Structure formats: structure tokens, C-alpha cells
Amino acid sequence: MKIRLLSILLLATTVVSAQTLTVEKIMKDARWIGTSPSGVSWSPDSKTVYFSWNPEGKISDSIYSFTVGATEPQKANYLEVQKINAINNGVYNNGYTQMVYTYRGDLFLVDSKSGKTTRITQTEEIESNPRFVGKDEWIVYTRNQNLFGWNTKTGITLQLTNITRTAETAVAAPAFGGGGGGGNRGGGARGGGGFGGGGGPVGGNANATGTGSQEQWLQQDQLRLFSVLQERKDKRTQREAFVKANKDNTDTLKTIGIGDKALQGLQISPDGRFVTYRLYQAPTSSKNTIVPDYVTESGFTTEIPGRTKVGAPLGKYDFYVYDKVKDTVLLVSVDSIPGITDQPDYIKDYPKKYANRRVVSRSVTIGGPFWNESGSYAVVDIRSQDYKDRWIMRLDAATGKLSPIDRQRDEAWISGPGIGGGGFGAKIGWINENVFYFQSEASGYSQLYSYDMSTGIKKAITEGKYEVQDLVLSRNKQNFYLLTNEEHPGKQNWYRLKTDGSKKEKITNMEGGYEVTISPDEKYIAYRYSYINKPWELFVQENAPGKKIVQVTNKAMSDEFKAYPWKEPKIITFPARDGAQVYARVYEPAAGKKNNAAVLFVHGAGYLQNVHYWWSSYFREYMFNNLLADQGYTVLDIDYRASSGYGRDWRTGIYRFMGGKDLDDNVDGAKLLVDKYGIDPGKIGLYGGSYGGFITLMALFTTPDVFKAGAALRPVTDWANYNHGYTANILNEPFTDSISYARSSPINFAAGLKNHLLICHGMVDVNVNFQDAVKLTQKLIELGKDNWDIAPYPVEDHGFVEPSSWTDEYKRILKLFNTWLK
């Protein structure tokens, strides 16, 4: 009896221990949680899924494979891993019958059906960026900043450009008089060279003399009657035209000098005639920050090169077209872009400063071009350097003329899913020869649109108060596959719909979040799926509604992790002071444990979503919030203004005033805790990192009676110290819009600190430099404040790596709350 009683007591002690969270436990090496798969990709034959995984708990992940129909994944060997990584970045031809990839600097061609691989190059130089052109008969690639072409039928290799570091090549004057505004469609623009051909009997005059008009007519009639003859002739003409356009290139290939500028975006049109590229001229004077590294192997302090600060001089981009037939280089002029001289609305706040300002064309970056399959149309994606405009325009490569298609103007800044902030990574492609697709926030939410080049009609393919967060056009170009949050801002699902927007079908059905990878043949999808309290696992299913789901991995949660009953926070909404509905997660303590104190967790980045139904990227904070709830705290985690997933107005709600509506939402959240959850208004704290650290500072400095204590982790203290790409989007530039910086930088309000502040910052932070914390430290000293502490972490960057640093940081945060909120 005594032995049995002892066993029961030991078991009970073990269970209690497993369910008791400590900072030391949750902040140790993240492998204690389990291992989730990542880097998911398919084999070219669509039979095998590859992914990184670490079920054995080793130092780093290994590559595993799972064959459709198998029972469990297998570890892949090293050489297979290397090739898979290369193949994952491969490019298919239009028919998906061949794929070309780069492996160790050489090119390889794979037949999708047989799996046969042909080596294209074997050189000491690096070949990269391959793509199929000329009706898939040519593979064009880059070598030493030049384009080369390899014929898939004959194996011939041609050098297509001769770009050098010599003095810049003179450009030809734009010839805007001809061409009809886009691509190289018809007439002389298409006939002279490249893959498409156009001269000869088919493209010539039916009444021409010479060999006889009867013979010409007969030949045309034969080609009209028999598609095989026409197809063979097209291929022959294509080869002849390409060789003609590039004949004697070793002796006569035009040298294009680019001087000291950086070459970007080099590509060739599908018919081989037009080479397009950008040249970037770096600013002559821009000072970079320096990050001192004190704890080094050498024992000496070293300097880590940093970045520029917002407002630093920007470089200049120019866009060129090299016409191989005319042997001329055109500089594409942007002066005629509609609205190119438009000024931002914020200058109205500075009537004297901008009263006599000379109106000039704004600097832009041109992305693309995006050609249709035949090369008859090209569109470019143009972004203004002040971030307020996006133009999608038609490019007439023969003349360099730009014609407007769609303008997206945002007085805040252009961004959103599938739109991006710099013209690169945006979703643009062709549905057919005349119709292309793109995404836009024209409706207030990032939706999918099409534009018909032949009719000039723009059409919304998707509509609603939700976001299209990812998309894939099917091989046959009849369907789109979409990842959207249309059922709930915090729930994702994978859909299929026709390219005209009809017949939408929901393919996935589990509540949570998805990262979907579609197989090359589109018959299957592999996806990482997770839920609020369940980390990512890998699943495979047929790419259609109602199909069986196969779970591939099951190691995301270790036995130790599963021993604790991780909370599923309630997802709620509450009204902000301006009537907007704010989404939030609430962690409530168990009955009898509530201590009438509360903590707000403020996520970072600004433009990030954390109130959702999938596993959070803030998994350490998720675990810490569980710990706080166990100790009696009510925890509120909100998607304040500027968070992602809620459309344009929410995204831009902080324009020209960080610490405005975003802070108001957190203050309104504190009011909710008092009114609805019975929290003592004198026992509310908050914490967060990066942007969350910034909000914590603004909260303690500008609303000191709302929050009793706060932990600001790696915070921005002065926005004039941060980088250009992020900050100028939201606050413009310090010397053009000083009002925005004055009201958005916490250091200006440090005198308002009334309650208790903890600052934690990595000293080798190359994102938010440690200088921010140092400057605020000096300010607080000068103000005579003594209710604050700072914890520097000498070996940590913006995102901590060492478990010891995580542990120290969060022990300090817990001590702060237990000291001042309980």
C-alpha cells in the first residue's frame, strides 16, 4: 500500500511539474517544442515532396522526401539535396514539358515526362537566370552580365549582348511617331529579326512579282490548309530570324557601355529582338551607420557596416531598350507618365516651405517588362520613389513609348499582398495573348484584376472585403488558385476559380493557416498547416475539393511540449474610439487564479498579423502569455492599426503619425479590460519588441495614467534613426515632413514617463541600432528620471539567438510585472 501511494504521489508531482511553466523552460532552445517542416517543394515529375525537417533533434535540419502514396517520409542524401535546391528554382517552358535549372553555376535541361537531364553548359564561369523564349526553342541565360542563347533543337550557343564597363553608350532619340503604343505588334516592329520572323511570303505582299504571284498564293493556301506545314515553317523562320538578328556576333555585336552603373533586370523579349535592362547610379554622398561589436574572438572591438538612415540621398534608375535589329539603344522617358509631377498632399501643412517649389518629374523605378508569350505585348510596373504611385503601362519596345493602363495612387503609400512596395515580387502575368492580371487595392482590399489589351477593359476577378494573399495561374491558364482570408481575417483557405472569376471552389477545409505549394502538374498540393496552439505540420492532398488529407509529419510537438495544456485564446472584436472594429486575442486565467491585473502584448513590424487561427511567429511570446495567464494575468494581444490582413485603410492608419491610432487601439484595449474583464485600471502593463517596443514607449510617455509598467524591447526611439525603405513610406522624410517625425518619435515625449520602464536591446542590432537605446538613455538621464532600467545584450542582433539572452530578458519582464502590477 505504501509503495502504491508513493507511486501515485510521484506521478502527480510529475504531472504538476510538466504543467508548470517557467521562463527558463519556455525560453530554452526552441527545439524543445518539436520540429516543424519548412522549405517545401515538389519534384519535377510531381511524385515527391521535399522539405527540411529535424525529427532527430540534431544541430540543423536535414532534407526529407515523401512520395505520394507512401506511408512515411524518408531522409534524402546530400547530393540529392543539392540538386533539389537547384531544381526548386528551375524554370519551366510554356507547355511544362521541359525545365531548366542552374546547378553549381551550370545549366541543365530536364524533360518533365522522362526525367532525362541534358547538361547545357560546363564552364568556369557562372550561368544564371535561365528562361525559355522563342516558343520555347531557345533558353536565354546570363553570364558575366551578358545574355546568351542556347537552342534546344540544335545545341547552338549565341552571345546576344556585349555589355561592358566602358563609357556609357549614347542612346537614340525616342521615335514616338510610330508603332501604335505597345510591344512590337505588326509591321516593321516585328518583321526584321528575332524569333518571330515576319518577312518572306507569309508576311509579304500577295501581289509581289519575282517567283510569281501564283506560286506565292499556292504556298499561302497550303499553309492555311495544313497546320503541320505552318508549324514547321514557323519554327524554321524562327531559327533563321534569330540567327539573322545575331549573325556574326563575334565581330559585329554592338558594345553597350554602362560605365560605373549597376546593371539590373537584364532580359530579352520572347522574339529575341529587344533587350531591356535597368542601370542604377548609386548616390555620391550617403553616410552609413556603424554597429560596434564588443564581444569578439580577437578581443578587439570591431565595426559591423550598417545602413543609411531615412532621408539619405537615393540612387537613380534608368530603363533602356536595346533593339538588336536596328542596333540602337533607347532610354525610356518617364516625363510623359500621367501624374509624374503630382505633389503629395502633406505639403499643404507647409505653405511657406513649398510655396515656390519648382515642380519636377518624380524619380521612378521601372520593373519588368512582362511579355506575353509571343512578344506582341509588354507591360511594365513603375513605382515612384516617394512610394505614392504605381503605374502599370504598356511599353512599345520599338519606340520606347509608354502608354497608361492602370494607375494606383495612394496619398499614404502603395503596398499590400501581391502588390509589394518596390515593383518586385508583385503578382503580374498573362492569362492569354491579350489579357494580363495584376493585384490592386483599388477597392480598399488587395484583389485580383485583369486587363484586356485589345479592348482596354479592366475587370475585377475577385471582389469583397478580404485579401487575396497568394495566387497561382494554372498551366492551361483556365484557373487561378488563390489563398485568401475571405471567411475571417484570421483564417486562410485555398480556392480554385475560373480566370473570369466564376465557379469558385474551396479546396482546403481545416480551420487555421496554410502555406501551399502546388505540384508542377497541379494534381496535388503540399501545405504546411497549423492552428493557434498547434505548430506547423506538413500535409498532402489532391488539389480538388473534398479530397483525402494525408499528414506527412507529426513531430511539431514533442512529448514535453504536449504535456502542458496550451491555451487557445479567444479571438474577439471590440470597438475603437472611432468606431472601427479591432481584432484581439484574449488569454484568461483559470477560475480562481485571476489577480485583476492585465498585460497587453504588442506585436512588432507594424504591418504584421498576430490575431489569427494559426501558429504565431511570436511563439515565445505565445508561451510567455500562457505563463502570465497561469499566474493570474489577463493578457490582450491586438491587431492594432497598421496590422496586415485587414485591407488598405487599416494598413495605412498610421500614416504621418506612428503612435496615433495604433496607440489609441491599445489604450482602447486597456479600457476593454477594465470594463469587460474587471481589471483594476491601476494594474495594466504592456510589452513588445521592435515596433511593439516603440508603442510601449509611446504608451508610457504619452498616456502615463493608463499603463503602470512596460517593457520596450529593441525599440525605435527616434524614427529619424531608422532606415529609408520602411520609414519614408509612413512618415515621408525628416526634412520634407518634420511634423510627422516630431509627433511620432518617443524620445520627444520622454519627459512624460511617470511609471516603470524596462528597456532591453541587443548591442549588435543592425536593424534598430543600439544607438536608439543609448540616445533614450541619455535623454532620461538629462530629465532626471529614475524609474527605468536598461538591459543591454552584447552578442544579440535584432532577433535574439541565444537561449540565455531570451531567458534573461523575459525574467526581467516577468519581474517588472510582478513587482508593479500585482
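Tutor: A charge sits over a ring if NZ of Lys or CZ of Arg is within 6 Å of the ring centre and within 35 degrees of the ring normal. This is a predicted model, in which local features need pLDDT of at least 70 and side-chain atom pairs count only at pLDDT 80 or more, while totals for chains, interfaces and linings use all residues. Residues are numbered from 1 along each chain as its sequence is written, and side-chain values use heavy atoms, with hydrogens and water left out.

Student: What makes Arg 651 a charge that lies over the face of Trp 413?

Tutor: Arg 651 is at 5.2 Å from the ring centre of Trp 413, and the limit is within 6 Å, so the distance condition is met.

Student: Why is the pair of Tyr 529 and Phe 539 called edge-to-face?

Tutor: Rings of Phe, Tyr and Trp (its six-membered ring) pair if their centres lie within 6.5 Å, and planes under 30 degrees apart count as stacked, over 60 as edge-to-face and the rest as tilted. Tyr 529 and Phe 539 are 5.8 Å centre to centre with 80 degrees between the planes, so both conditions are satisfied.

Student: How do you know whether Tyr 529 is buried or exposed?

Tutor: Buried means under 20% relative accessible area, exposed over 50%, and partly exposed in between (1.4 Å probe, protein chains only). Tyr 529, at 12% relative accessibility, therefore counts as buried, and Phe 539, with 8%, is buried as well.

Student: Why is Tyr 294 called partly exposed?

Tutor: Its relative accessible area is 47%, which falls between the two cut-offs, so Tyr 294 is partly exposed.
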